[in-house]
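Here are my notes on the model, set out as numbered points. Please read them alongside the coordinates.

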Amino acid sequence: MSKKIALVANSTWNIYNFRQNIIKKIIDQGHEVVVFAPIDEYITYKENYHNVKHIGLKSLDRDSINPIKDFLLILELYRKYKKEQPDLIIHYTHKPNIFGSFAARLCGIKSISIVTGLGYGFIRKGWLNEVMIKLYQLTAGKKGLIIFENIDDQELFKELNIIEDKKSANVNGCGVDTTFYFPIIKEQTSPPFIFTFIGRLLKDKGVREFATVARDLNEKYKGEVKFVMLGDFDPENPSTIDKEDLLQWIQNGFIEYKGFVRDVRPYIAQSDCVVLP
């Protein structure tokens with residue numbers, strides 16, 4: 001019997017980059033897909049899935065810590081879940097996991113939360129960390145299934161008494177489209193040896209450590225190494241680096257900054273080492 005499956009994320013960018021594989025799988029199995037996410041330029045994914053219904057979310061601000069906005073998000077999700085009546089809702093990222101799970105419970109709809117990473121709120125200790133733990137305990141924690149893409153995150157949730165063993169599972173990431181990303185043999189070349197960082201320019205992602213090592217190795221092996229950085233600033237994230245720091249790294253000549261890159265494959269292909277600090 002055909003079911004209606006809902007996917008909920010904090011951006012259409014998230015859907016475009018990470019969820020198209022599961023959308024295709026659900027459709028191939030004969031089910032209907034509805035997506036809930038704030039609309040951005042990546043709504044172009046709809047060109048590949050004309051039968052997928054996309055419902056924009058106006059109240060979801062992934063970086064806001066305003067409780068009024070979060071309350072409005074619960075109301076918006078509740079109304080839209082009630083109208084669409086999916087058979088199952090799959091939530092991705094913290095705000096959908098927490099507030100979406102609560103809205104789904106109010107509607108009497110089964111839901112699953114996917115923890116793709118912990119982010120700033122969990123990494124940095126303080127009041128925000130305590131609030132997020134309590135919210136997970138009250139909403140997404142022991143009331144429904146939580147799936148983790150990192151076993152360390154799963155163990156932390158157990159230590160914090162957010163989940164029980166029978167209500168959690170672990171998978172090895174969200175998967176990679178191997179027809180799009182596939183190994184390319186790099187021919188042996190003369191120096192420089194190329195190290196490449198790909199990701200948002202956040203302190204929590206190790207950008208500063210990457211730059212420090214780039215400085216030290218350029219001083220020691222000048223002309224023999226090259227450090228390339230791909231990614232954009234995340235202004236709303238408290239962990240984003242200062243633009244002046246990036247400018248200094250570039251001007252000092254030990255970082256080549258390529259900015260935001262939509263297709264990273266050519267840069268991976270020319271790299272000798274991809275670094276994820």
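1. A residue is called buried here when its relative accessible area is under 20%, and exposed when that area is over 50%, with partly exposed in between. By that cut-off, Thr 12, Asn 14, Ile 15, Arg 19, Gln 20, Ile 23 and Ile 26 of helix H1 are buried. The model is a predicted one.

2. Which strands cover the buried residues of H1? Among the elements that do so are strand E1 (4-8), strand E2 (32-36), strand E3 (53-55) and strand E4 (88-92). H1 itself, residues 12-28, is kinked by about 75 degrees, and the kink is centred on Arg 19. Arg 19 also belongs to the buried set of this helix. Just after H1 comes Gly 30, with a positive phi of about 90 degrees.

3. The chain contains nine helices and eleven strands. Seven of the strands make an open, parallel sheet ordered E3-E2-E1-E4-E5-E6-E7. E3 and strand E7 (168-170) are at its edges with a single partner strand each, so one side of each has no neighbour in the sheet. Ignoring direction, neighbouring strands of this sheet are turned by 20 degrees against each other on average.

4. At the E7 end, strand E6 (residues 145-148) pairs with E7 in the parallel sense, over three bridges. Phe 148 is placed opposite Asn 170 of E7. Two helices can be described against this sheet. H1 packs on the sheet and touches E1, E2, E3 and E4, its direction making about 165 degrees with that of E2. Helix H2 (residues 67-84) also packs on the sheet, touching E1, E2, E3 and E4, and its direction likewise makes about 165 degrees with that of E2.

5. A further open sheet has four strands in parallel pairing, in the order E10-E9-E8-E11. Strand E10 (256-259) and strand E11 (273-275) are its edge strands; each has a single partner strand, so one side of each lacks a neighbour in the sheet. From one strand to the next the twist averages 25 degrees.

6. Within the four-stranded sheet, strand E8 (residues 193-198) and strand E9 (residues 225-230) are joined by six bridges in the parallel sense. One of the pairs links Thr 196 to Val 228 in E9. Helix H7 (residues 207-220) lies across E8, E9 and E11 and runs at about 160 degrees to E9.

7. Two backbone angles deserve a look. Most residues other than glycine have a negative phi. Thr 93 has a positive phi, near 75 degrees, and sits in the loop between E4 and helix H3 (94-107). Is Thr 93 buried or exposed? Its relative accessible area is 12%, so Thr 93 counts as buried. Asn 161 has a positive phi of about 65 degrees and lies in the loop between helix H6 (151-159) and E7. With a relative accessible area of 46%, Asn 161 is partly exposed.

8. On overall dimensions, the radius of gyration is 21 Å, which agrees with the value near 19 Å for a compact globule of 277 residues. The C-alpha trace spans about 65 × 45 × 35 Å along its principal axes. Buried residues account for 42% of the chain. The accessible surface is about 15700 Å², and carbon and sulfur atoms hold 54% of that area. Of the contacts between residues at least 6 apart in sequence, 64% join residues at least 24 apart.

Terms used: Residues are numbered from 1 along each chain as its sequence is written. This is a predicted model: local features need pLDDT of at least 70, side-chain atom pairs count only at pLDDT 80 or more; totals for chains, interfaces and linings use all residues. Side-chain values use heavy atoms; hydrogens and water are left out. Two strands pair if DSSP finds at least two bridges between them. Axes are lines fitted to C-alpha atoms, for helices over the stretch in contact, and angles run from 0 to 180 degrees between N-to-C directions. Contact means heavy atoms within 4.5 Å. The radius of gyration is taken over C-alpha atoms; the globule rule is 2.2 Å times the number of residues to the power 0.38. Buried means under 20% relative accessible area, exposed over 50%, partly exposed in between (1.4 Å probe, protein chains only). Accessible areas come from the Shrake-Rupley method with a 1.4 Å probe; for residues, only the protein chains shown count as cover. The bend at a residue is the angle between axes fitted to the seven residues ending there and the seven starting there.
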